[in-house]
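Here is a friendly briefing to read alongside the model. Keep the viewer open as you go through the points.

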Amino acid sequence: AEDRYNPHLTFSSSYLARRTNGEVSHTVDVAPVVTLITPTGAQLSAGIDSNHATTSSSGRTTSTSLTLTIIQPLLRGGGVEAGTAPLRIAQIDERINRLNLKLTVSRTITEVILAYRDFLRAQEQVQIAEQALKRSRALLDVNRTLIDAGRMAAVEIVQTEADLASQEYAVEETKNQLDTSRLSLLSAIAVSPRTDIVTADKLSADPVKVDLTQALAIALENYPEYLTQLLAIERAKMNVTVAKNQRLWDLSIVGGASLGRTWTGQAASNDSDVYGGLQLVVPFGDLSGEQGEISATVSLRTAEVQMEAARQQMEQQTRDAVRNVHTRWRQLELARKARDLAARKLEVENEKLKFGRSSNFQVLSFENDLRNAENARLSAQIIYLNALTILDQQLGTTLDTWRVSLEDRP
């Protein structure tokens, strides 16, 4: 679009051989022309026309002329606003394209983060399952000791053996889920599925206080989809201005000058021409201009409606994301507390079992409660961290958080 206001060179040439009533002629014509469009809408052109003609009767004739013309619209297409409209619209389109790119990159980063956390979750679930298996084996050893001491019926060990088999099955299942999440993560980061990876990070979560008013203000400044709609309104307004301008009469200042020289044999002659004036074109019965203005006006109103809808959606999603972060943190605190109490409850019950004050069934029941509490704590932690990531995306600050910059490429 910027190249529109640069000079452009057009080179044309022709060669013609003609035979008319027995007379043979050869004509060579060369005509380079330079044209320029200015931001005011003026069109300037300068060219040289060199013609060489040879005939069997009159010999050789050569003519060369230099021509300069200028047309400056006064109504339709005239003025800086109308003359630079294509460039300004292209600049808005480029800003929209960059916002769309930012949105795409942000979503890709978010998908990678979520896939990475799923992989972390799967790793932690394997550890939880292996720890449960270890406790089940320890309980089996305790059962055998109590049976040998005559303090437990031999038949009760069946419950522990069944639980041990279930834990072994759970370990295999979590390992399978770990491999599935590994493949999903490798696909998200475009790495070969044969790659074996292990995360070095440990899951941790700290409370983050988010002010709703501040979050809404940040979203208004950064959310790509909302900013795109604002730019769409600006572009639609320009289109309305251009459409109204196209309905005006075509009144232009025209001017030009030409200087030529002709050689015929040994004789030469010069001629020059200078002119200037006004040119008016008035269309009658053409409704295309009105149609264009109506279409541009409707597009503007549509863009305004879509902007308002995008603003409401942005506000709703931001409020929901902020509330979700606070809710998920409270759930995580409760899940941590429940896990600690479940672990303490199982520890106390194991001690009671050693002294014959509890049953094998009760210990296995508390063991199951601990496994559920550990998985609930893990899920609550992942969900809370994901809620922060989704909030980051909703505010349009994902690239800033992860220090990702978009480079301009030629």
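Of the 410 residues in the chain, 33% are buried. Please bear in mind that this is a predicted model. The chain is more spread out than a compact globule, because its radius of gyration of 41 Å is well over the 22 Å that the globule rule gives for 410 residues.

**Overall build**

- You will find 8 helices and 6 strands in the chain.
- From start to end, these elements follow the order β-β-β-β-α-α-α-α-α-β-β-α-α-α.
- The C-alpha trace spans about 140 × 50 × 35 Å along its principal axes.
- If we take contacts between residues at least 6 apart in sequence, 73% of them join residues at least 24 apart.
- The accessible surface of the chain amounts to about 24700 Å², and carbon and sulfur atoms account for 55% of it.

**Salt bridges**

- Side chains of opposite charge can pair when their charged atoms come close.
- How many salt bridges does a search of the whole structure find? The search gives 20.
- One of them joins the side chains of Arg76 and Asp250, at 3.6 Å from N to O. Arg76 sits in the loop between β4 (59-73) and α1 (80-83) and Asp250 in strand β5, so this pair ties together parts that are 174 residues apart in sequence.
- Is Asp250 buried or exposed? Asp250 is buried because its relative accessible area, 17%, is under the 20% cut-off. Its partner Arg76 has a relative accessible area of 25% and is partly exposed.
- Asp93 and Arg235 also form a salt bridge, with their closest N and O atoms 2.6 Å apart. This pair links distant parts of the chain, with Asp93 in helix α2 (residues 85-148) and Arg235 in helix α5 (residues 224-246), 142 residues apart. Asp93 is partly exposed at 26% relative accessible area, and Arg235 counts as partly exposed at 27%.
- Arg137 pairs with Glu168 in a further salt bridge, where the closest N and O atoms are 3.9 Å apart. Here Arg137 in helix α2 is linked to Glu168 in helix α3, 31 residues away. Arg137 is partly exposed at 44% relative accessibility, as is Glu168 with a relative accessible area of 37%.
- A network of salt bridges links Arg135, Asp163, Arg339, Asp340, Glu367, Arg371 and Glu374.

**A nonpolar patch**

- Which residues form a nonpolar patch on the surface? They are Leu74, Leu75, Leu248, Trp249, Ile253, Leu278 and Leu280, and together they have about 660 Å² of accessible area.
- Ile253 from this patch belongs to strand β5 (residues 250-264). Ile253 counts as partly exposed, with 40% relative accessibility.

**Positive phi angles**

- Ala190 is not a glycine, yet its phi is positive, at about 60 degrees. You can find Ala190 in the loop between α3 (157-188) and α4 (212-222). Ala190 is exposed because its relative accessible area of 70% is over the 50% cut-off.
- Arg403 is another residue to look up: its phi is near 55 degrees, a positive value in a residue other than glycine. Arg403 lies in the segment after α8 (398-401). With a relative accessible area of 79%, Arg403 is exposed.

How values were computed: Residues numbered from 1 in each chain as written. Predicted model: local features only at pLDDT ≥ 70, side-chain atom pairs only at ≥ 80, totals over all residues. Heavy atoms only, no water. Helix = DSSP H or I, 4+ residues; strand = E, 2+ residues; numbered from the N terminus. Buried < 20%, exposed > 50% of the residue type's maximum accessible area, 1.4 Å probe, protein only. Patch = residues over 30% accessible without salt bridge, like charges linked within 9 Å, V, L, I, M, F, W, Y side chains within 5 Å. Areas by Shrake-Rupley, 256 points an atom, 1.4 Å probe, with all protein chains shown as cover. Salt bridge = Lys/Arg side-chain N within 4 Å of Asp/Glu carboxyl O. Rg over C-alpha atoms; globule rule 2.2 N^0.38 Å. Contact = heavy atoms within 4.5 Å.
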